[in-house]
2 protein chains.
Amino acid sequence: MEYIINIRPALYNKGYRITGQRQQIIRILDKATDHQSAYKIYEELRKMNHRVSIATIYRTLDLLVELNFVRRIDRHKQPSVYELADPGKGPTVKVHLICRKCNQVQDISSSLSVMFNDLVGKAQLYHEFSIEPQAISLRGLCAKCRVESARGN
Amino acid sequence: MEYIINIRPALYNKGYRITGQRQQIIRILDKATDHQSAYKIYEELRKMNHRVSIATIYRTLDLLVELNFVRRIDRHKQPSVYELADPGKGPTVKVHLICRKCNQVQDISSSLSVMFNDLVGKAQLYHEFSIEPQAISLRGLCAKCRVESARGN
DNA sequence: CCACTTTTTGAAATAAATTGCAGAAAGTTC
DNA sequence: GAACTTTCTGCAATTTATTTCAAAAAGTGG
Ligand SMILES: [Mn+2]
Ligand SMILES: [Mn+2]
Ligand SMILES: [Zn+2]
Ligand SMILES: [Zn+2]
């Protein structure tokens, strides 16, 4: 909620401009309860009669990901989806389970999430590679789809 | 080495056909010491006067990934690269460090790799989600690029 | 508010990845 | 190996994502 309040000065301090488009895009992500694709954000804004191009959505999401305000969740052969990263609050790496059949995106439990973070921290130290807050996508089959594909189909 | 020997019967048993294109693509992956992109494989085969289309390369890689013979390493804004998965040999999930500046792909140490695998196993049990052997991409800055971006530029 | 510099934007072009479809090749049965 | 069935391939079309570039907007300092 009111995430825009935190991002605005952060953008400003780095010399990025506070444009209407950027604010609207952040607002959409902030209000959303589920993960959003670039195109979904685009449609949403057009519905509200805001003037944006899809290119701006992609560029803004790229920027927010680079600044670690947003995580990109990569689904193969499906458009990526995005979520706010809430820096400061807990683990920075979030793990998602992506079903390769129904494309559903599921968050991993928070305790496992903490363990993943610890491990990523170790990898960072060992390899002297600064890993950035982000989404890890684990692909596979969800319980429902596994049952379905087990019995034929 | 001679990886094709293992894949051939596996394909056959699942009703997939052993085509010249598939065998050549597997051979390229097998001989390669580094990670290969679809286009690189395409060029390689054309150089050797093999008749293939880029669409077939993509389709074959998709198939091999689905059958867990190959891992897809996703790099954002750069074509994905691929490596043989060597099922049977050790951990099934491999973690890669991808530098967002120079796009270099680095393998994680094998001991950390084992730890990641254990954790992925736990996630699989807890969420009743069958996670498939694959590549996890961790994005960030490699040591070299971090130094460079630290001093201006 | 005006003049000025720098960043950002939309629209269109381009690039990368995917898909539809008709012909070709693989596998099967005699 | 001919006839037959099924899968696969190449090509072209399409979709999705990215980039280019001139015009617009944001920020700065009168
Ligand atoms: Mn999530
Ligand atoms: Mn590797
Ligand atoms: Zn599913
Ligand atoms: Zn680098």
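**Exercise 1. The manganese site of chain A**

Which residues coordinate the manganese ion (ligand 1), and at what distances? Locate the donors His35(A) and Asp107(A) in the chain and classify each by accessibility.

*Solution.* The model is predicted.

Step 1. The ligands of the manganese ion (ligand 1) are His35(A) through NE2, Glu83(A) through OE, His96(A) through NE2 and Asp107(A) through OD, at 2.2 to 2.3 Å.

Step 2. Read along the sequence, these donor residues give the spacing H-x47-E-x12-H-x10-D. Within this set, His35(A) belongs to the loop between α2 and β1 (36-37) of chain A, and Asp107(A) to strand β5 (residues 105-107) of chain A; the pair links distant parts of the chain, 72 residues apart.

Step 3. The relative accessible area of His35(A) is 19%, so this residue is buried, the limit being under 20%. Asp107(A) has 38% relative accessibility and therefore counts as partly exposed.

**Exercise 2. The manganese site of chain B**

Identify the protein donors of the manganese ion (ligand 2), and state which strands are tied together by Glu83(B) and His96(B).

*Solution.*

Step 1. The manganese ion (ligand 2) has His35(B) (NE2), Glu83(B) (OE), His96(B) (NE2) and Asp107(B) (OD) as its protein donors, which lie 2.1 to 2.3 Å from the ion. Their spacing along the chain is H-x47-E-x12-H-x10-D.

Step 2. Glu83(B) is part of strand β3 (residues 78-84) of chain B, and His96(B) is part of strand β4 (residues 94-99) of chain B; the pair therefore ties together parts that are 13 residues apart in sequence.

Step 3. As to accessibility, Glu83(B) and His96(B) are both buried.

**Exercise 3. The surface near DNA strand C**

Describe the protein surroundings of DNA strand C, and give polar contacts made by side chains.

*Solution.*

Step 1. DNA strand C is surrounded by 21 residues, of which the closest are Arg17(A), Arg22(A), Thr56(A), Arg17(B) and Tyr58(B). Of the strand's atoms that come within 4 Å of the protein, 74% belong to sugar and phosphate.

Step 2. In the side chain of Arg22(A), an N or O atom is 2.6 Å from a phosphate oxygen of DNA strand C. Another phosphate oxygen contact involves Tyr12(B), with a polar side-chain atom 2.9 Å from a phosphate oxygen of this strand. For Gln21(A), a polar side-chain atom lies 3.0 Å from a sugar or linking oxygen of DNA strand C.

Step 3. Two or more residues of this surface come from each of α2 (20-31) and α4 of chain A, and α4 and β3 of chain B. By class, the surface near DNA strand C holds 8 nonpolar, 6 polar and 7 charged residues.

**Exercise 4. DNA strand D and Tyr12(A)**

Which residues are closest to DNA strand D? Is Tyr12(A) buried or exposed?

*Solution.*

Step 1. Among the 20 residues that surround DNA strand D, the closest are Tyr12(A), Tyr58(A), Arg17(B), Arg22(B) and Thr56(B). Sugar and phosphate make up 73% of the atoms of DNA strand D that come within 4 Å of the protein.

Step 2. Phosphate oxygens of DNA strand D lie 2.4 Å from a polar side-chain atom of Tyr12(A) and 2.5 Å from a polar side-chain atom of Arg22(B). A base is also approached: an N or O atom in the side chain of Arg59(B) is 2.8 Å from a base nitrogen of DNA strand D.

Step 3. Tyr12(A) is located in helix α1 (residues 4-13) of chain A. Its relative accessibility is 61%, so Tyr12(A) counts as exposed; the cut-off is over 50%, calculated with protein chains only.

**Exercise 5. The largest pocket and the largest cavity**

Compare the composition of the linings of the largest pocket and the largest cavity.

*Solution.*

Step 1. The largest pocket contains about 1000 Å³ of space. Its lining has 38 residues, and the closest to the pocket centre are Asp74(A), Ser137(A), Asp74(B), His76(B) and Ser137(B). The greatest contribution to the lining, 5 residues, is that of β7(A).

Step 2. The space in the largest cavity is about 30 Å³. Its lining includes Ile4(A), Arg8(A), Leu11(A) and Arg22(A), and α1 and α2 of chain A each give two or more residues to this lining.

Step 3. The pocket lining divides into 9 nonpolar, 12 polar and 17 charged residues, and the cavity lining into 4 nonpolar, 2 polar and 3 charged.

How values were computed
Residues are numbered from 1 along each chain as its sequence is written. Chains are lettered from A and ligands numbered from 1 in the order in which they are written. This is a predicted model: local features need pLDDT of at least 70, side-chain atom pairs count only at pLDDT 80 or more; totals for chains, interfaces and linings use all residues. Side-chain values use heavy atoms; hydrogens and water are left out. On a 1 Å grid over the protein atoms alone, a cavity is a set of points where a 1.4 Å probe fits but cannot get out, and a pocket is an open set with protein on both sides within 12 Å along at least five of seven lines; lining residues have an atom within 4 Å of a point. Grid points are joined across faces, edges and corners, and a volume is the space filled by probe spheres set on the points. Helices (H or I, at least four residues) and strands (E, at least two) are DSSP runs, numbered from the N terminus. Ala, Val, Leu, Ile, Met, Phe, Trp, Tyr, Cys and Pro count as nonpolar, Asp, Glu, Lys and Arg as charged, and the others, Gly among them, as polar. Buried means under 20% relative accessible area, exposed over 50%, partly exposed in between (1.4 Å probe, protein chains only). Donors are N, O and S atoms within 2.8 Å of the metal (3.2 Å for Na, K and Ca); water is not among the atoms, so sites may look incomplete. A residue is near a molecule or strand if one of its heavy atoms lies within 4 Å of it. A polar contact is a pair of N or O atoms within 3.5 Å; within protein, one must be able to donate a hydrogen and the other to accept it, and residues adjacent in sequence count only if both atoms are side-chain atoms.
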